[in-house]
Amino acid sequence: MKFHGKWITTRDFISERPANVFHRELEHIDLKNCGIRNYYALFRRKFELSDTQNTTIRISADDYYKLYLNGNFVCQGPAQAYYFSYNYNEIDISRLLRPGENTAEVLVFYQGGINREWCSGDNRQGMVADILQNGEPILSTDSSWEYTILKNRTHSENSYGTITSENIDFRVREAIFENAIVDSDDDHVFKDAPVDTVDVYELKPKTVRKLGSGEYFIDMGCEVAGSLSLTVRGGRGQKLTIAYGEEAENEHAKFDMRCNCRYLDEHILSGETDTLDYFTYKAFRYVNISTDIDNLDTDSFCVTARNHRFQEKITLKSDIEHLEDIWQICRNALKIGTQEGFLDCPTREKGQYLGDFTVSGLSYLYLTGDAEIYRKTLFDFADSAKICPGLLAVAPSGYMQEIADFSLQYPLQVLNYYKCTGDIETVRRLFPTVRGVIGFFRNYERPDGLICGDMGKWNIVDWSPNFRDGYNLPNEREGFIPCHNVINAFYIGAMQVENGLAAVIGEPPRHDIERYKAAYINAFYNPETGLFCDLEDKAHSALHSNSLPAFFGILPAGNRIADFIEEKGLACGVQFSYFVLKALANLGEYEAELNLITNETNHSWVNMLREDATTCFEAWGRDQKWNTSLCHPWASSPIIAIVEDLAPSFPDKLRIVPLE
């Protein structure tokens with residue numbers, strides 16, 4: 001898609017040329033960016049209309065925009081993307097326009113850092129837009145648009161480079177506007193179709209308590225993603241402090257959060273009527289307000305929440321203890337953890353991780369039937385193949401991270417999409433990426449077909465390391481991957497899936513899977529114990545080393561894997577639990593699968609419920625990881641297990657109920 005409008009930018013950026021932020025994770029580059037951080041430019045244009053019907057706007061910006069028409073908020077976007085495959089939005093704006101003069105204002109934010117949330121730090125800043133009536137452009141961006149730089153906000157970031165505090169000094173007003181500058185060398189290449197904007201809506205608190213003069217405590221009742229919305233009038237220079245937290249103690253939000261975010265915003269009032277209008281968002285349940293003003297209108301307190309559209313198609317009904325509550329915390333995490341993409345968490349990294357997507361994407365697809373965002377995510381990661389054909393672990397972003405076992409889950413993600421949609425054309429388009437991933441790893445095959453070597457990627461096996469059940473993984477982050485069980489199980493599984501996808505699109509299979517399985521069994525299987533081992537020395541058998549061969553159907557006769565998994569329980573992390581549960585299903589052990597989901601040990605979703613979870617956690621308990629996020633959709637595997645395995649197997653105990 002090509003815009004009629006020109007890419008417009010500001011005086012600070014017109015002389016800056018794009019900086020390359022892309023590289024292999026273990027390579028070092030000399031990043032030549034301008035060093036500008038957290039930069040706000042407000043672009044505007046007045047225009048006349050005689051008719052407002054059938055009017056739309058196509059719009060994009062780098063890094064991100066918020067659009068206002070005649071003072072009314074319209075939407076925000078676009079979803080993050082690489083500049084060579086960039087996103088835009090298209091919105092019907094007819095209802096917000098009026099005959100006569102109208103004003104479009106676009107607040108554009110350039111973050112400037114290298115982190116998982118943004119494709120930034122590359123000197124690309126500005127916006128482009130077309131306003132169309134009946135499909136024909138009537139106004140487009142050019143040098144007649146004006147801009148000013150807003151300097152009333154300061155920020156704090158966590159160690160991941162993600163913004164955690166946004167402080168507004170309402171006394172500082174915008175400067176004089178000047179004409180926007182057309183960047184005729186802009187190199188954004190836009191995708192063929194627009195992407196959806198996130199839904200933005202108001203949520204009222206569950207409870208509000210006044211603690212004292214100017215002191216208030218808010219409980220939303222459940223974790224949400226967004227920010228406090230508040231209009232206040234105070235004396236010039238008076239302060240308004242907002243503290244957010246996932247946890248609270250004695251009606252005080254813990255703003256120094258265990259997930260390594262400090263959610264404390266400090267605002268200075270102008271002496272006139274000031275309205276909080278944050279650009280960024282947080283994930284939280286509790287809020288404290290502290291101000292010099294004695295009384296605030298508590299009826300006006302609300303949260304401006306945001307997430308990708310969430311239209312549930314199904315829910316769970318069951319008399320099995322805990323099961324409906326487990327479904328609910330997974331559902332809640334998926335709702336607020338799905339923004340412009342499937343985030344690992346909406347607090348700390350705010351990044352879209354490939355391995356997390358295996359679980360969160362499929363769970364979301366089952367809950368909502370929304371295949372479009374799942375499909376978008378498949379293409380997001382396919383775009384990262386231009387940086388490395390073995391794919392990046394987090395995309396799209398400026399942060400380069402490569403996790404081998406995440407990359408090898410991509411073919412499975414494409415297969416799951418096809419099983420749910422039957423969309424052969426998308427499989428055909430993505431098949432070269434699937435083949436490219438496996439081709440990347442094929443370069444590291446030994447003569448017997450098993451892989452190891454200096455791949456420039458690292459293995460996660462499970463996260464964090466204390467959830468690996470003693471799995472022996474040397475040289476975790478050094479780029480050299482020894483010959484070990486998990487990486488080879490994923491490699492064989494990926495080739496097996498590629499053969500299946502090839503059949504879908506009428507291509508011949510490439511891989512002799514039985515040869516690879518034989519090599520894997522020879523290297524890692526111990527016939528004396530009936531178990532697979534972590535390494536070729538066959539000294540230790542972890543849960544992970546046995547769940548994956550069961551998941552991918554590598555099952556020697558006489559094995560005792562089913563009993564072993566039942567004995568071990570969830571001696572793993574929450575993302576890997578997907579493979580454990582589905583391994584039991586593949587072995588026909590549905591009762592054991594159900595028992596694992598509802599078990600009451602400290603490695604369970606029941607333990608999250610005991611710890612007052614309203615969304616599923618990053619770990620099984622708050623204190624089981626040093627920086628646990630209390631909203632991590634990668635823990636939502638029970639939804640997949642219930643839909644695929646348990647509801648068909650136990651119709652008298654649980655059932656999936658369609659929603660209107």
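Helices α10 and α12 are oblique to each other in this predicted model. Helix α10 spans residues 543-551, and helix α12 spans residues 577-586. Their axes come within 8 Å and cross at roughly 50°. An angle between 35 and 65 degrees is neither roughly parallel nor roughly perpendicular, so the pair counts as oblique. The crossing of α10 and α12 is left-handed.

The contact draws on both helices. From α10 come L543, S547, L548, A550 and F551. From α12 come Y578, F579, V580, K582, A583 and N586. Sorted by class, this contact holds eight nonpolar, two polar and one charged residues. The charged residue is K582 of α12. The two polar residues are S547 of α10 and N586 of α12.

A second helix pair was examined in the same way. Helix α3 covers residues 354-368, and helix α6 covers residues 410-421. The two pack at an angle of about 10°, and their axes lie 10 Å apart. Angles under 35 degrees count as roughly parallel. Helix α3 is therefore roughly parallel to α6. On the α3 side, the contact is made by L354, F357, T358, L362, L365 and Y366. On the α6 side, Y410, L412, Q413, N416 and C420 take part. By class, the contact of α3 with α6 has eight nonpolar and three polar residues, and no charged ones. The polar three are T358 of α3 together with Q413 and N416 of α6.

Empty space inside the model was also searched. Rolling a probe the size of a water molecule over the atoms shows where such space is left. Across the whole structure, five cavities of 30 Å³ or more were found. The largest cavity contains about 260 Å³ of space. It is lined by 21 residues. Closest to the centre of the largest cavity are Q80, E117, E340, L343 and K350. The lining of this cavity divides into eight nonpolar, six polar and seven charged residues.

The second largest cavity contains about 100 Å³ of space. Its lining is made of 14 residues. Those closest to the centre of the second largest cavity are N123, R124, Q125, D183 and D186. By class, the lining of the second largest cavity comprises three nonpolar, four polar and seven charged residues.

How values were computed: Residues are numbered from 1 along each chain as its sequence is written. This is a predicted model: local features need pLDDT of at least 70, side-chain atom pairs count only at pLDDT 80 or more; totals for chains, interfaces and linings use all residues. Side-chain values use heavy atoms; hydrogens and water are left out. Axes are lines fitted to C-alpha atoms, for helices over the stretch in contact, and angles run from 0 to 180 degrees between N-to-C directions. Helices (H or I, at least four residues) and strands (E, at least two) are DSSP runs, numbered from the N terminus. Angles under 35 degrees count as roughly parallel, over 145 as roughly antiparallel, 65 to 115 as roughly perpendicular and the rest as oblique. A crossing is left-handed if the near helix is turned anticlockwise from the far one by less than a right angle, and right-handed if clockwise. Contact means heavy atoms within 4.5 Å. On a 1 Å grid over the protein atoms alone, a cavity is a set of points where a 1.4 Å probe fits but cannot get out, and a pocket is an open set with protein on both sides within 12 Å along at least five of seven lines; lining residues have an atom within 4 Å of a point. Grid points are joined across faces, edges and corners, and a volume is the space filled by probe spheres set on the points.
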